[in-house]
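Trainee: I should like to request a close look at a single part of this chain. Please explain it in connection with its surroundings.

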Amino acid sequence: MNRPALATAGTVLGLLLLIGGKAATSADPLAFGGQSNVALAPTAQGTMTGPLITTRYGPVQVRVTVRGGKLTDVQAVALPTGGKSGSIADYSAPILRRDALAAQGAGIHAVSGATYTSEGYASSLQAALDQITNQPADQVAPAAQTGQGA
């Protein structure tokens, strides 16, 4: 076999391996940390603070608000502070919040450069949602009322 034929065969083989690898991945990739978005019950409502997750670069904790079975707010209660870790947390927090609200759960992807913070955020978020889902309604703090005029 001559050189051009070997080069072509190698290129085709490489492309097939790449295509095969892409085909083997899901169209809906696994969320960060293996978290899945389980639909909240339509009656789920309340505000719950997730556990404090200790990461390599500092603590992470979130508070969630659910109204009518929808995740309506996620607030970071604790994030790494100071130095580079604090800067990374300040940058990643709004992205993680936006992604959690869009995903309606903890099935979010890590923010590049903030893997540990992202993992802690998703873990605290999932635990808070689990608490809302598994608690009797009278044990969950009621969701804050919006001040709409009468």
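Among contacts between residues at least 6 apart in sequence, what percentage join residues at least 24 apart? With that as background, please describe helix α2 and what surrounds it.

Mentor: This is a predicted model. To take the opening question, 59% of the contacts in the chain between residues at least 6 apart in sequence join residues at least 24 apart. The chain contains three helices and four strands, and their order along the sequence is α-β-β-β-β-α-α. Of its 150 residues, 34% are buried. The mean pLDDT is 78, and 64% of the residues score at least 70. Residues 21–34 have a pLDDT under 50, and the model gives them 13 contacts beyond four places in sequence. Residues 145–150 also fall below 50, with two contacts beyond near neighbours in sequence.

We may now turn to the helix itself. Helix α2 covers residues 83–103, which makes 21 residues. From its first C-alpha to its last it reaches 30 Å, close to the 30 Å expected at 1.5 Å a residue. Helix α2 nevertheless has a bend of about 30 degrees at Ser92, and Pro94 follows within four residues.

Next, consider which residues of the helix are covered. The buried residues of α2 are Ser85, Gly86, Ala89, Ser92, Ala93, Ile95, Leu96 and Ala100. Ser92, where the helix bends, is therefore one of the buried residues by the cut-off of under 20% relative accessible area. An α-helix has 3.6 residues a turn, so residues three or four places apart point the same way. The cover over the buried residues of α2 includes strand β4 (70–78) and helix α3 (115–134).

Helix α3 deserves attention as one of these neighbours. Its 20 residues should span 28 Å at 1.5 Å a residue, and the end C-alpha atoms are indeed 28 Å apart. The buried residues of α3 include Tyr121, Leu125 and Leu129, and the buried residues of this helix pack against β1 (46–49), β2, β3, β4 and α2.

These elements meet in the largest nonpolar core, which has 25 residues. Those with the most contacts inside this core are Val64, Val66, Leu71, Val74, Tyr121, Leu125 and Leu129. The elements that give two or more residues to the core are β3 (58–67), β4, α2 and α3, and the largest share, six residues, comes from α3. Leu71 illustrates how the parts are joined: among the residues it touches are Val64, Val66, Ala100, Leu101, Gln104, Leu125 and Leu129.

The end of the helix leads to Gln104, which comes just after α2 and lies in the loop between α2 and α3. Its phi is near 60 degrees, a positive value in a residue other than glycine. Gln104 counts as partly exposed, at 27% relative accessibility.

Finally, the neighbouring helix α3 takes part in the one aromatic pair that is counted. The rings of Tyr57 and Tyr116 have centres 5.4 Å apart and planes at 65 degrees, so the pair is edge-to-face. Because Tyr57 lies in the loop between β2 (53–55) and β3 while Tyr116 lies in α3, the pair ties together parts 59 residues apart in sequence. Tyr57 is partly exposed at 43% relative accessibility, and Tyr116 is partly exposed at 35%.

Key
Residues are numbered from 1 along each chain as its sequence is written. This is a predicted model: local features need pLDDT of at least 70, side-chain atom pairs count only at pLDDT 80 or more; totals for chains, interfaces and linings use all residues. Side-chain values use heavy atoms; hydrogens and water are left out. The expected span of a helix is 1.5 Å times one less than its number of residues. The bend at a residue is the angle between axes fitted to the seven residues ending there and the seven starting there. Buried means under 20% relative accessible area, exposed over 50%, partly exposed in between (1.4 Å probe, protein chains only). Contact means heavy atoms within 4.5 Å. A nonpolar core is a set of buried Ala, Val, Leu, Ile, Met, Phe, Trp, Tyr and Cys residues joined through side-chain atoms within 4.5 Å. Rings of Phe, Tyr and Trp (its six-membered ring) pair if their centres lie within 6.5 Å; planes under 30 degrees apart count as stacked, over 60 as edge-to-face and the rest as tilted. pLDDT is the predictor's confidence in each residue, from 0 to 100.
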